[in-house]
Amino acid sequence: MQITANRSTCIGSGQCVFTDPDTFDQDDDGLVMVLRPAPASPDELAAAKEAVHICPSRSLALSGEAP
Amino acid sequence: MTTATFSMQRVDPYNPPAEHLRLQQEDSISQVPWANTGTIWAITKHADVRAVLGDARFSSDRTLPGHPMNSGYVTGSDLKQLIAMDPPEHTQHRLRVMGEFTVKKIAALRPRIEEIVEETIDAMLASGHEADLVEALSLPVPSMVIADLLGVPYEDHGFFQENSATFVDIDTPMEGRVAAMGALKAYVGELVASRVTSPGDDILSRQLAAGADPVELTGLGFLLLIAGHETTANMISLCVATLLDRPELLKQLRDDPSLMPGAVEELLRYFTIAEVGHQRLATADIEIDGTLIRAGEAVYAFANVANRDPEVFPEPNTIDFTRGARNHVAFGFGPHQCLGQNLARLELEIVLEAVVRRLPTLRLAVPFDEIPFKEHGPNYGVYKLPVAW
């Protein structure tokens, strides 16, 4: 599966970083950066899914086949 | 003319208003009487609260006619604040400041916040064996943290803290509170002006360097002050009152300090103190869970009961530090979700850790049910918390 982030709607809440710091980071402006776009295990996928769900501006998405 | 309005009053200190809980169980999206709009849609389920707050067609622009937060006294001189903007204007304005509140930048404040908390507890202990915790700890800590962020010089901390406390003190007559607010606004304005000529290592200076307009920046500085002061103080007081009232919870934290982040998250969910920012005006016909809300209708997303939604939080009225309640909506949801939430979490974690460690004999000086709770809102908390040690 692939994680995509829409930086034009991101509000920099950092909840993805807070939830899954191995997958997400923020740049100096606070905007989301995806460090690991393809979760490689069920655990990584579960963490990424939680981050996608928690994102308050709905700027994250997961698509494609599960690992 | 009817003055009927939906009750926001809490009757049980540990639970949201009974009427909100009843609606969630019986009629989770329903129109209720509301003072300045006649009726308002009460949204009470977790998924529906997320749907409303996450959809910017439910507008936050309180200058719009019919907006439930439109006071009817729009003067034109008041600056529009972040909290009253919709995307894309909101996104552009938030982008200017959100780099100050990233998870990493906030985490880097830990040593300074720890220092503030230790000094505040030192002063409290030196003052005797009893205190009002609100005055001695809950209000001074967030006040000093914000003063630091804004770059308030040390010699002005007393003025800053005193006026911030007066501004939210119900025992002070309204004129006194308004005067304190005016003094703070004027002070932030002077601070901004001084940073134009002599920049420092603070938010105001960095915003000016990035091209911020000094008048707008004064508004933002004041917003940061009021948003992060009483709210955080309320949570500190409620958390400490709860730990003292329920020793089994206190013992859990004493035995295993690693529970603290989960405890903070759970207590944020449990108390969901901020209600005032969740009113919206529908700007389109939008269906929420099978109910059509029409353009022009007022909507109130009740985060307090959403955070007790049994479909999302099993046994919602139990405080469980291991619940993993990260998906609560205590900081709201959508583009307006609290800008300072990571700072609030860190302050709560540091304060509670220090209370547990440094105040082993702390106890309530009045019975729990005699604590004056802020039952009528707009934000939940306590007015005073008499404690002894």
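Let us start at one residue, T9 of chain A: with 17 other C-beta atoms within 10 Å, T9(A) is partly exposed. Its place is the loop between β1 and α1 of chain A. Keep in mind as you look around that this is a predicted model. In the sequence, T9(A) and L60(A) are 51 residues apart, yet their C-alpha atoms are separated by 9.6 Å. Leaving aside residues up to four places away in sequence, T9(A) touches S57(A), S59(A) and T91(B). The last of these contacts, T91(B), takes us over to chain B.

How many residues does each chain bring to the contact? Chain A supplies 17 residues and chain B supplies 17 residues. On the side of chain A that touches chain B, the elements giving two or more residues are α1 and α2 of chain A. The largest share of that side, 3 residues, comes from α1(A). Sorted by character, the residues on the side of chain A that touches chain B are 5 nonpolar, 9 polar and 3 charged.

Now follow α2 of chain A, a helix that covers residues 42-54. At 1.5 Å a residue, its 13 residues should span 18 Å, and the C-alpha atoms at its ends are indeed 18 Å apart. Which residues of α2(A) are buried? They are A47(A), A48(A), A51(A) and V52(A). If you look down the axis of α2(A), the buried residues fall within an arc of 140°, so they line one face of the helix. On the other side of α2(A), you will find P42(A), D43(A) and A46(A) exposed. The cover over the buried residues of α2(A) includes β1 (2-5), α1 (15-19), β2 (24-26) and β4 (60-63) of chain A.

Just after this helix comes a residue with an unusual backbone angle to look for. R58(A) sits in the loop between α2 and β4 of chain A. Although R58(A) is not a glycine, it has a positive phi of about 50°. R58(A) counts as partly exposed, with 17 C-beta neighbours inside 10 Å.

Chain B has a residue to set beside it. T272(B) lies in the loop between α13 (260-271) and β5 of chain B, and it has a positive phi of about 35° although it is not a glycine. Is T272(B) buried or exposed? With 23 C-beta neighbours inside 10 Å, T272(B) counts as buried. Another backbone detail of chain B is the peptide bond from P87(B) to P88(B), which is cis, with omega near 5°. P88(B) belongs to the loop between β3 and α3 (89-98) of chain B.

Next, the sheets of chain B. In one open sheet, 5 strands follow the order β1-β2-β8-β5-β3, and their pairing is mixed. At the edges stand β1 (29-34) and β3 (58-59) of chain B, each with a single partner strand, so one side of each has no neighbour in the sheet. Inside this order, strand β5 (residues 279-282) and strand β8 (residues 298-301) of chain B run antiparallel and are joined by 3 bridges. You can find one pair for yourself: Q279(B) has Y300(B) in β8(B) as its bridge partner.

Another open sheet has 3 strands in the order β4-β10-β9 of chain B, with antiparallel pairing. Its edge strands, β4 (130-132) and β9 (363-364) of chain B, each pair on one side only. Between β9(B) and strand β10 (residues 386-388) of chain B there are 2 bridges, and R363(B) stands opposite A388(B) in β10(B).

Finally, look inside. In soluble globular proteins, nonpolar side chains tend to be buried together. Here, the largest nonpolar core has 111 residues, and those with the most contacts inside it are I43(B), V49(B) and V299(B). Helix α11 (residues 214-245) of chain B gives the most to this core, with 14 residues. What does V49(B) touch, beyond residues up to four places away in sequence? Its contacts are I43(B), A301(B), F302(B), A303(B), A306(B), V329(B) and F333(B).

One last stop is F160(B), in helix α8 (residues 157-167) of chain B. F160(B) is buried, with 22 other C-beta atoms within 10 Å. Not counting residues up to four places away in sequence, F160(B) touches S143(B), A147(B), V152(B) and Y187(B).

Technical notes. Residues numbered from 1 in each chain as written. Chains lettered and ligands numbered in written order. Predicted model: local features only at pLDDT ≥ 70, side-chain atom pairs only at ≥ 80, totals over all residues. Core = buried A, V, L, I, M, F, W, Y, C linked by C-beta atoms within 7 Å. Buried ≥ 20, exposed ≤ 12 C-beta atoms within 10 Å, placed from the backbone. Helix = DSSP H or I, 4+ residues; strand = E, 2+ residues; numbered from the N terminus. Contact = placed C-beta atoms within 7 Å. Expected span 1.5 Å × (residues − 1). Arc of directions from axis to C-beta. Nonpolar A, V, L, I, M, F, W, Y, C, P; charged D, E, K, R; others polar. Pairing = 2+ DSSP bridges.
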